[in-house]
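Grab a coffee and work through these exercises with the model open beside you. Try each task before you read its solution.

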Number of protein chains: 2
Amino acid sequence: MIKIIRSVESMKKLSDGFREKGLSIGFVPTMGYLHDGHLSLVKEAKRQNDLVVVSIFVNPTQFGPREDLKKYPRDLKRDLKILSKYKVDMVFHPSAGEMYPDVYKTCIEVKGLSDKLCGASRPGHFKGVTTIVAKLFNIVKPDTAYFGEKDYQQQVIIKKMVKDLNMGVKIVSMPTIREKDGLAMSSRNKYLNKDERAKALVINKALKFAKVLVKSGVKSSARIRAAMTKLMRTAKYLKIDYVSICDPETLDEKRTVKGKTLIATAVYVGRTRLVDNIVIK
Amino acid sequence: MIKIIRSVESMKKLSDGFREKGLSIGFVPTMGYLHDGHLSLVKEAKRQNDLVVVSIFVNPTQFGPREDLKKYPRDLKRDLKILSKYKVDMVFHPSAGEMYPDVYKTCIEVKGLSDKLCGASRPGHFKGVTTIVAKLFNIVKPDTAYFGEKDYQQQVIIKKMVKDLNMGVKIVSMPTIREKDGLAMSSRNKYLNKDERAKALVINKALKFAKVLVKSGVKSSARIRAAMTKLMRTAKYLKIDYVSICDPETLDEKRTVKGKTLIATAVYVGRTRLVDNIVIK
């Protein structure tokens, strides 16, 4: 049976015990409602470590006041069943009160990286992410933690935080897992109705189109962005938040596509905000 | 011979080794130029732990642009000699380049507590302190860290950071150590000329006077502050930065002295900024 830990102190004690025994801990932080993207992280964590801890915590501080905290999909029973199959050792599933027990004052901010791309339209989001990830790292004490590249900016920011604060955790990022038709897997895909689900396909198509353009010699970011925007606008009810063509480490916008380049986009399909990206080498 | 470690990686490896062996690490972070205040922390750390690490690092990020970073007193040779006597096991003494190797983007902030008292006149100071302390904790991995109550606000903020971020470090704060005539020990006392040194005594006198007033029934913070200010103004060349009468945990100003109360003050004696405080129970 999979072990469910709900208290910070219990989780800390267990982790301390494992570390004292010299067992390596792999950690996959999630907000639950697991899909194959999460599970690719779990598989890699299993492969590389003696023990695997998955956290399931819908972190309120990374949602904006008008965002989808309340309706974010949750299904603990289903998640536990899946994680049991994958022989995950422990699930850390604290309440919001357990994670933020009193007037909460401390936050971690990675400046320069957190106000761009998704950070521009979700102010405070990455501050919420870095703070909860640091808390989870201090509680779970992993040797290695696993993040998906679907949230590309997130893993860039977390890697920078870990480096800057000398945290003793190795960060592994894993490729985006997609549905057969190319849509990037996301817990938020659940929000899409049939019509929206069909329209959402254009996001990945636009990224692939950008790649084709680059391979065919188009280097101007402005031209690529214009072409992607034009393609995505063919889909009704689709509102583009941003298309960024940038350096994959600094997230600084590039005027021309030279060297390793991240093309990332966020799009509203109906009321659902979806992100996707591609890295061009 | 005392062991001096200058690289982050070496310090991390040593700490990991000690932890694996189950040895407890006591940690005293300092900016060097040690006095009996620091040494009281070292003594307590020795008493409570298997091993003691003292860091000596004048952290640039906690100094404002017009502050005394450059002239801050340094004497490594003397510090090492003293620490050898106290049988400290290791001194972690990194360069600024070792601690901040590249474009530094991550910072930790304890909101609400960092903009009051000293934070009001030293914007960014406590952000520098919390960030370097978190870095040092991640590198040295102490079981317990020791801070002096002379910098009362600092240890309040660090305790809050540790709690909020679930850091696995116990924070011990120790009473202010004073010269025979009452002046709180500080590395910055070195800046004082003979005349200023004499005038600086009024700071502790004002705090003691406040205590006498409270014991004699005066409860109004305004009256106590006025009396302290009047007393300190008798000393020429002395400029009061603030007198705070506040809650020792939240640092919220109190209108009347009820319950445990912190009376803290910062004063410029000539160009030297000195702090001192007293806690009334």
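**Exercise 1. Work out what symmetry relates chain B to chain A.**

Start with the superposition: in this predicted model, chain B lands on chain A after a rotation of 180 degrees, with 0.0 Å of shift along the axis and an RMSD of 0.0 Å. That is how a two-fold axis relates two copies, so there's your symmetry. Next, see which surface is in play: 100% of the contact residues of chain B recur in chain A, meaning that the same surface serves both copies. To find the axis on screen, go to I108(B), the residue of chain B that comes closest to it, with its C-alpha at 2.2 Å.

**Exercise 2. Describe the interface of chain B and chain A, from its extent down to its residues.**

Begin with the contact count: 27 residues of chain B touch 27 residues of chain A. Then take the area, which is about 2,500 Å² buried between the two chains, 43% of it on carbon and sulfur atoms.

Now for the polar side of things. The count is four salt bridges between chain B and chain A. For a concrete pair, look at K163(B) and D102(A), whose side chains meet at 2.6 Å, N to O; a salt bridge needs these atoms within 4 Å, so this pair qualifies. Polar contacts link 19 residue pairs across the interface, both residues being at pLDDT 80 or more.

Which elements of chain B supply at least two residues each? They are α1 (8-20), β5 (106-110), α6 (125-140) and α7 (152-164). Of these, α6(B) gives the largest share, with six residues. Sorted by class, this side of chain B has 12 nonpolar, five polar and 10 charged residues.

**Exercise 3. Now stay inside chain A and describe how domain 1 meets domain 2.**

First get the bounds: the domain assignment puts domain 1 at 3-174 and domain 2 at 187-276. Their centres, taken over C-alpha atoms, are 26 Å apart. Next come the contacts, with 20 residues of domain 1 touching 18 of domain 2. Together the two domains bury about 1,700 Å², 57% of it on carbon and sulfur atoms.

Two salt bridges turn up across this interface. K116(A) and D252(A) form a salt bridge through their side chains, at 2.7 Å from N to O. On the domain 1 side, α5 (118-121) and α7 (152-164) of chain A each supply at least two residues, and α7(A) has the largest share, three residues. By class, that side comes to nine nonpolar, five polar and six charged residues.

How values were computed: Residues numbered from 1 in each chain as written. Chains lettered and ligands numbered in written order. Predicted model: local features only at pLDDT ≥ 70, side-chain atom pairs only at ≥ 80, totals over all residues. Heavy atoms only, no water. Domains from an automatic or database assignment. Contact = heavy atoms within 4.5 Å. Buried area = accessible area lost by both parts, 1.4 Å probe. Helix = DSSP H or I, 4+ residues; strand = E, 2+ residues; numbered from the N terminus. Nonpolar A, V, L, I, M, F, W, Y, C, P; charged D, E, K, R; others polar. Least-squares fit on C-alpha atoms with pLDDT ≥ 70 in both. Polar contact = N/O pair within 3.5 Å; in protein donor to acceptor, adjacent residues only side chain to side chain.
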